[in-house]
Amino acid sequence: MNKRNRRDISGGAGNGGIRKSDFQSMSSGKAKIWEEEQDAGGGGGVDELLAVLGYKVKCSEMNDVADKLEQLEMVMGAAPNLLCDTVHYNPSDLSGWLQSMLSELNNPPNTLNYRMLQSHHIDDPLHVRAESSSVTTNPQQQQFETTQSARIYDDDSEYDLRAIPGSAAYPQTQDGELNRKRLKTSGGSNSAPPLLPSSSPIVGVAAAGTVSEPTRSIVLVDSHETGVQLVHTLMACAEAVQQDNLKLADALVKRVELLAASQAGAMGKVATYFAEALARRIYKIYPQDCLDASSSDILQMHFYETCPYLKFAHFTANQAILEAFATASKVHVIDFGLKQGMQWPALIQALALRPGGPPAFRLTGIGPPQADNMDALQQVGWKLAQLAEAIGVEFQFRGFVANSLADIDPSMVDVRPDEAVAVNSVFELHPMLARPGAIDKVLSSIKSMKPKIFTIVEQEANHNGPFFVERFNEALHYYSSLFDSLEGSGLVPPTQDLLMSEVYLGEQICNVVASDGADRVERHETLTQWRARMGMAGFEPVHLGSNAFRQASMLLALFAGGNGYRVEENNGCLMLGWHTRPLIATSAWQLIVSDSP
Amino acid sequence: MAGINEVNRNESKMVVPLNTWVLISNFKLAYNLLRRPDGTFNRHLAEFLDRKVPANATPVDGVFSFDVFINRSTSLLSRIYRPAHGEEPQINIADLEKPVTAEVVPVIIFFHGGSFAHSSANSTIYDTLCRRLVGICKAVVVSVNYRRAPENRYPCAYDDGWAALNWVNSRTWLQSKDSKVHIYLAGDSSGGNIVHHVALQAVESNIEVLGNILLNPMFGGEERTESEKRFDGKYFVTIRDRDWYWRAFLPEGEDRDHPACNPFGPKGKILEGIKFPKSLVVVAGLDLIQDWQLDYVKGLEKAGQKVKLLYLEKATIGFYLLPNNNHFYTVMDEISAFVDSNC
């Protein structure tokens, strides 16, 4: 019965003996992508079998990786607790992960010497320097360690989280208690995660133009009869719309509205929004140039309060920014969508706590023109200035009104040579995909700002496919999960925040389904797609590590009862999802530094 | 002593392909970082390090998957894997729970391993394994995301398994032409242990389970067996880590002769005379707990239950994770025959 090819299967690639029919290794796109990179970079391929399981190991490196494992085992065997407080990065890159632990062990904790972290940019003067990270104390102990000028950030997440604005952040705490915590922490020990850009040449770049087949991740919430019928009908309606069978589409959309009315819970709500959007498309009642900026900001505030997505976005982006700013005395954040500035109080507070004192902090906030003549940007800037002053951070603010990020001229932004720059975009990049050339212009502008770090948060979904039905289905799955998570917040009766959050999401649904061309701005794309784009534009990833992961998880427990929300690590990026469905992704980037001196 | 360690490392390296050695050693290293001597577990780091993969309703190599709530209130999820019958490139959300069409469709309820503490239904290693099972058995696979130790001790994992069994048994869309759901239970390591206990409960409640598949099942006891002593630390696993996981899973104060750990031990249940499902038990010859697994097989035999032992002399733990060794194919063939023979 065994007609398998029994080639020698020891050592090396281990590809022997694979029976094609049933056991064809599922490349799932990953191995192919990594292999293509390698061919481009001139190395060997990655081990396909390990790639399928989520680990990138070049065949040529297998022995070296094995050696590292052995070395680590030897050391760990002798002293098992040596690595218990290490910060880890990108576990998919086995070689890099192992190497970082070995480097850590070679510089044991309690030595305060500076060292250059191992990477292939080792001689590059622009390469980030950071200190050894191991903390021997745990946050409970709060021991004080003498610090040198540029130190590392404490993993005492309790403080960081409380700096997050929003009523939920201050459950029953008096200000007094908050101040006490603040004082306690400022005397505390600090440990920084060493900033480890990918030490392996395998970055998350897909070969030009190719993205593996889309993954449709579905968590079935509602198996109930009506729920299934509702979905059937919605999809049939979308199909009819695509085929321009408007009479049928009309009949179906009315049926959906009927069914949705009797469907309790998230499914009913989502269906209603999708039905409305479909109706607009059918009757060609395109949304008037949507809400004005201030109304849209207000809706987003409600969304911010109701569920943890934005808090997660801000938190994880801030983590990356803090790490990038670890040694800078002057920092400049350029926020592509200032809105109410909710992201910045926590960053300002964290900077205030930096041992050795805070840097001078400049914030450039960009926003769309406001309907009324009130200078919304300045108002936000002023509030932040007050906060900064209260806690002793030198602060400057500048606001820019722009219709589109593509209109921004980098010279306007006034980037100064002696400052570390962070560019931050939370849900602001995908609208650039609505006009040809806009995204390239924006990325090019960003490059000329020479940022130390560029943080991006985007929806984890492909709502930008060329076919209507495909987009519709994707969006249906995505928003179903989102609405379900809102439902999961268990607010009964639903609060104003919850209702407004639904409206906020409903606006997005409407845009994805009913709009087209330059009006369709909710052109969400997946992390995989953004990675490809960023790679081609000349950026490389900066990884978020286990400390950010852990704190983000704790944030969820604090703000969301932790209930169905999950943080996931994905090749150095962090994603927040509802149960097993990732919904938003945070990634961080820096300019690719050339190898030549 | 450095010398002996040298020998140990070389031994395990000699019996598995290098990439397998790297994979399992990587897990071993990661797991060492997660277990704390005081019995607590670094869950955040565990979730950070675990490689996961989302469900995918787009068929890949003939299999698509989606996640369902078995129990909304406890957030008990399972990942369902179904064969795509070469039809459309996309499965409609409305078709995910479309009734199965073949005369007989085996439904395999799968419990992933991880010594009760590690991994999830969406861990990549288990997603990959479940997809294979769909292919070789032409089955629907339901992978249960049971609650894990030490946060959730005995009997949580069993309760979740039991809930999943009931859920599967009551899905009309999973029924074969005879209006019955043809259920098999399968699992590796702690999953194998769960299989046994869920099957027991099934028997007691008159739910028919057609077969149990136990891959390197996790059993133990107070006694230190010959194999434990002989293989301690030699092939990725130590007695010490086994003890840690039992302490994390068993109720506080219980020892390893608790029936969850030692089903045929002094506190075990009598299986004579009951209609227990036939079992396929796979034992790796280099697994340090093999004596307990072999005792399990003997226990079933003595109780007059139908059991087939597949003893793979040179196999280590985790051999079924990569399709690069003969044991892998042997086991897949056996599983295929085991599930198939019951039409």
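These legends go with a set of close-up views of a predicted two-chain model, chains A and B.

**View 1. Chain A as a whole.**
Here's the overall makeup of chain A before we zoom in. Its secondary structure adds up to 19 helices and 12 strands. The chain has 597 residues, and 58% of them are buried. Take the contacts in chain A between residues at least 6 apart in sequence: 76% of these join residues at least 24 apart. On the outside, chain A exposes about 24200 Å², with carbon and sulfur atoms supplying 52% of that.

**View 2. Where chain A has low pLDDT.**
Keep this one in mind while looking at the other views of chain A. The mean pLDDT of the chain is 77, and 71% of its residues reach 70 or more. Two stretches are worth picking out. Over residues 1-29 of chain A, pLDDT stays under 50, and the model has 61 contacts beyond four places in sequence for that stretch. Residues 166-211 of chain A also stay under 50, here with 111 contacts beyond four places in sequence.

**View 3. Helix α5 of chain A, residues 94-106.**
What is the distance between the end C-alpha atoms of this helix of 13 residues? They are 18 Å apart, which agrees with the 18 Å expected at 1.5 Å a residue. As for its surroundings, 12 of the 13 residues of α5(A) are buried, so the helix is largely enclosed by the rest of the structure. Among those buried residues are Leu94(A), Trp97(A), Leu98(A), Met101(A), Leu102(A) and Leu105(A). The buried set also includes Ser95(A), Gln99(A), Ser100(A), Ser103(A) and Glu104(A).

**View 4. A sheet of 9 strands with members from chains A and B.**
The sheet is open and its pairing is mixed. Reading across, the order is β3(A)-β1(B)-β2(B)-β4(B)-β3(B)-β5(B)-β6(B)-β7(B)-β8(B). β3 of chain A and β8 (307-312) of chain B stand at the edges with a single partner strand each, so one side of each is left without a neighbour in the sheet. At the β8(B) edge, the partner is β7(B) (residues 278-284); the two run parallel and are joined by 6 bridges. One residue to look for is Ser279(B), whose bridge partner in β8(B) is Val307(B).

**View 5. The β3(A) edge and the β1(B)-β2(B) hairpin.**
At this edge, β3(A) (residues 219-220) runs parallel to β1(B), with 2 bridges joining them. Val219(A) has Asp67(B) as its bridge partner in β1(B). β1(B) itself (residues 63-71) is mostly covered, with 8 of its 9 residues buried. β1(B) also pairs with β2(B) (residues 76-83), this time antiparallel and over 8 bridges. Val63(B) stands opposite Pro83(B) in β2(B). There are 4 residues between the two strands of the hairpin, and Ser75(B) in the turn has a positive phi of about 55°.

**View 6. Two cis peptide bonds in a loop of chain B.**
Which loop holds Pro150(B)? It's the one between β4 (140-144) and α5 (156-169) of chain B. The peptide bond from Ala149(B) to Pro150(B) is cis, with omega near -5°. Pro155(B) also sits in the loop between β4 and α5 of chain B. A cis bond joins Tyr154(B) to Pro155(B), with omega about 5°.

**View 7. Positive phi at Lys339(A) and Ser179(B).**
Lys339(A) isn't a glycine, yet its phi is positive at about 50°. You'll find Lys339(A) in the loop between β4 (330-335) and α13 (344-352) of chain A. At 25% relative accessibility, Lys339(A) counts as partly exposed. Over in chain B, Ser179(B) is another residue other than glycine with a positive phi, near 60°. Ser179(B) is in the loop between α5 and β5 (182-188) of chain B.

**View 8. Asn122(B) and its contacts in both chains.**
Is Asn122(B) buried or exposed? With a relative accessible area of 7%, Asn122(B) is buried. Its place is the loop between β3 (106-111) and α4 (124-137) of chain B. Leaving aside residues up to four places away in sequence, Asn122(B) touches Glu568(A) and Thr580(A) from chain A. From chain B, Asn122(B) touches Arg51(B), Lys52(B), Val53(B) and Arg79(B).

**View 9. The annotated domain in chain B.**
An unreviewed UniProt entry places the feature "domain: Alpha/beta hydrolase fold-3" at residues 108-320 of chain B. In the model, that span is 34% helix and 16% strand, and its end C-alpha atoms lie 17 Å apart.

How values were computed. Residues are numbered from 1 along each chain as its sequence is written. This is a predicted model: local features need pLDDT of at least 70, side-chain atom pairs count only at pLDDT 80 or more; totals for chains, interfaces and linings use all residues. Side-chain values use heavy atoms; hydrogens and water are left out. UniProt positions are given in the numbering used here, feature names are shortened, and annotations may be inferred rather than shown by experiment. Buried means under 20% relative accessible area, exposed over 50%, partly exposed in between (1.4 Å probe, protein chains only). Two strands pair if DSSP finds at least two bridges between them. Contact means heavy atoms within 4.5 Å. Accessible areas come from the Shrake-Rupley method with a 1.4 Å probe; for residues, only the protein chains shown count as cover. The expected span of a helix is 1.5 Å times one less than its number of residues. pLDDT is the predictor's confidence in each residue, from 0 to 100.
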